[in-house]
Amino acid sequence: PQTHAMHNVRGLGRVGVRPPPPPIPTVAQFERQRMEQRANAPTPRAVPKPKKPMPGTQSRRVTAEEINVMVRHDLRAYLEKDGVKLADDREPIRKLSDGGTEYTMRYPQGGKVVVTQTGGGNWMFFNRDSSAKGDIRNYVQWRDGRTYPEALHKLRDDLRTQTNTLPSYSPQEVAPKLTLRERFDKIAAERFDPAQFEKLRQWWDRAKEGVNTYLLGRGITAETQQRFASEIRTEPSWSKQNPGGAMFAVRNLDGELVGFTRKGPRHSAEDKRDFSASASGTDYRLSIMGEQERPTRIYAGETAIDALSLYQLDGSRPDAMVTSMAGAVSYKARADLFELAKKHPKAEWHIATDNDKEGRVFESQIAEAIREGNPSAAIVDRRPGNEFKDWNDQLRNRPRDMSAELKSKAEDARRKAEADQRRREEEERRRREEANRPPEYRGPRM
């Protein structure tokens with residue numbers, strides 16, 4: 001072997017000439033060395049872990065199909081297992097304009113949570129104290145203090161979303177999407193079952209006839225109530241939710257009672273709105289009052305009180321029909337409007353909307369159903385004055401508090417700015433992490 005001279009130098013110890021560094025292997029030499037090392041290795045080379053599960057095995061990763069099952073799981077029922085119950089509000093269950101349902105619930109410790117099933121079937125929630133919001137995944141994160149992956153696996157165990165074997169593929173035919181007219185025709189062909197609404201009819205029959213005091217306070221005159229007496233009742237005094245409140249009949253186009261909407265006063269200073277609900281089991285069709293044979297004008301309102309308010313402001317025309325929704329703009333209500341538009345082609349339609357974004361959506365949905373039944377229908381979009389929220393406020397000359405509206409818009413702007421700031425901070429954090437991440441080792445340079 002090659003030796004190198006070493007010398008003793010005062011103050012430096014033993015020094016000498018360092019051996020030259022080994023030569024850098026060429027590409028061919030590097031590949032040959034790697035193949036020799038692999039051939040002489042004492043154990044076989046480990047097989048890399050597959051990215052997808054092998055047939056007959058399971059993956060720990062929660063799939064998109066499982067997440068779809070989770071977000072569509074009944075979140076209200078899931079919370080009830082945690083002891084969360086419907087709140088004792090005047091309107092704990094409320095129908096939404098997209099066909100969904102909103103539930104106001106109360107935690108055992110006292111806080112309130114609003115749970116919503118959207119018209120598309122997904123479930124969402126938000127805590128009234130703004131401590132958490134989202135879907136069932138976010139709820140488990142907040143409830144248990146879990147990370148997002150931990151929450152997914154907790155839900156996988158709770159809802160049993162993972163199957164033991166991989167499903168075999170079998171193509172399924174996708175049903176063609178119905179047109180609006182086909183959907184309306186399908187609703188019209190449904191058979192009516194009187195037994196389904198027997199309890200509602202008994203409830204309606206026990207209600208009191210005559211002028212309703214609450215409606216008088218809302219500006220609906222005794223003359224108007226007497227004209228539509230067959231479609232208006234007063235709830236009995238023993239009603240727990242709405243004693244003395246008004247009831248408006250909901251009927252199918254054959255005149256059969258299929259439910260009723262309920263309106264009444266707020267019962268405490270904490271209530272922000274008057275009582276409003278539909279009786280449990282109501283079929284969400286139309287409330288129809290007034291001229292049935294040859295109406296020359298048909299009112300369509302979001303609520304019966306709004307439609308009657310516009311009817312009175314227009315002079316209480318005797319040739320008018322007054323229609324309104326049963327709490328939501330459902331396909332069944334729109335199917336009834338479609339049929340009325342076909343039946344009364346010469347009638348002029350007046351759509352009573354509120355002064356808000358939801359009012360514009362309501363108008364477009366109603367007008368679409370009317371034009372489907374009568375493309376040449378005369379439709380008038382009726383909006384109250386800018387200073388009024390709805391037609392009943394205009395009837396009573398009660399302008400809305402514009403300062404409150406400005407405060408609401410300012411609050412919305414503040415929340416948006418905070419969300420934008422959080423997003424920018426998150427992006428900056430990710431950029432810093434990326435910049436501080438050490439470079440990956442890629443082997444010797446060729």
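Which residue forms a salt bridge with R233? Hold that thought for a moment, and keep in mind that what you're looking at is a predicted model. The partner is E209, with the closest N and O atoms 3.7 Å apart. Now look at where the two sit: R233 is in strand β9 (residues 232-234), while E209 is in the loop between α7 (198-206) and α8 (213-217), so this pair ties together parts that are 24 residues apart in sequence. Their surroundings are worth a look too. R233 has a relative accessibility of 11%, and because buried means under 20%, R233 counts as buried. E209, on the other hand, is exposed, with a relative accessible area of 58%.

That bridge has plenty of company, since the count of salt bridges comes to 33. Another one to find joins the side chains of D336 and R285, at 3.1 Å from N to O. This pair also links distant parts of the chain: D336 belongs to helix α11, R285 to the loop between β12 (275-278) and β13, and the two are 51 residues apart. Here both partners, D336 and R285, are buried.

Further along the chain, R396 pairs up with D393, their closest N and O atoms being 3.5 Å apart. R396 is partly exposed at 23% relative accessibility, whereas D393 is buried at 13%. Some salt bridges also share partners, and in that way E190, D283, R285, K332 and D336 are joined into one network.

Now for the nonpolar side of things. In soluble globular proteins, nonpolar side chains tend to be buried together. In this model, the largest nonpolar core has 26 residues, and M325, W349, I366 and I370 are those with the most contacts inside it. Quite a few elements give two or more residues to this core: the strands β13 (286-290), β14 (297-301), β15 (320-325) and β16 (348-352), along with the helices α6 (180-188), α11 (331-343) and α12 (357-373). The largest share, six residues, comes from α11. You've met that helix already, as the home of D336.

To get a feel for this core, zoom in on M325. Leaving aside residues up to four places away in sequence, M325 touches T261, R285, L286, G301, E302, A333, L337, F362 and I366. Notice R285 in that list, the salt-bridge partner of D336. There is also a second, separate core, made of 22 residues, and I67, V84, Y103 and I136 are among them.

How values were computed. Residues are numbered from 1 along each chain as its sequence is written. This is a predicted model: local features need pLDDT of at least 70, side-chain atom pairs count only at pLDDT 80 or more; totals for chains, interfaces and linings use all residues. Side-chain values use heavy atoms; hydrogens and water are left out. A nonpolar core is a set of buried Ala, Val, Leu, Ile, Met, Phe, Trp, Tyr and Cys residues joined through side-chain atoms within 4.5 Å. Buried means under 20% relative accessible area, exposed over 50%, partly exposed in between (1.4 Å probe, protein chains only). Helices (H or I, at least four residues) and strands (E, at least two) are DSSP runs, numbered from the N terminus. Contact means heavy atoms within 4.5 Å. A salt bridge is a side-chain nitrogen of Lys or Arg within 4 Å of a carboxyl oxygen of Asp or Glu.
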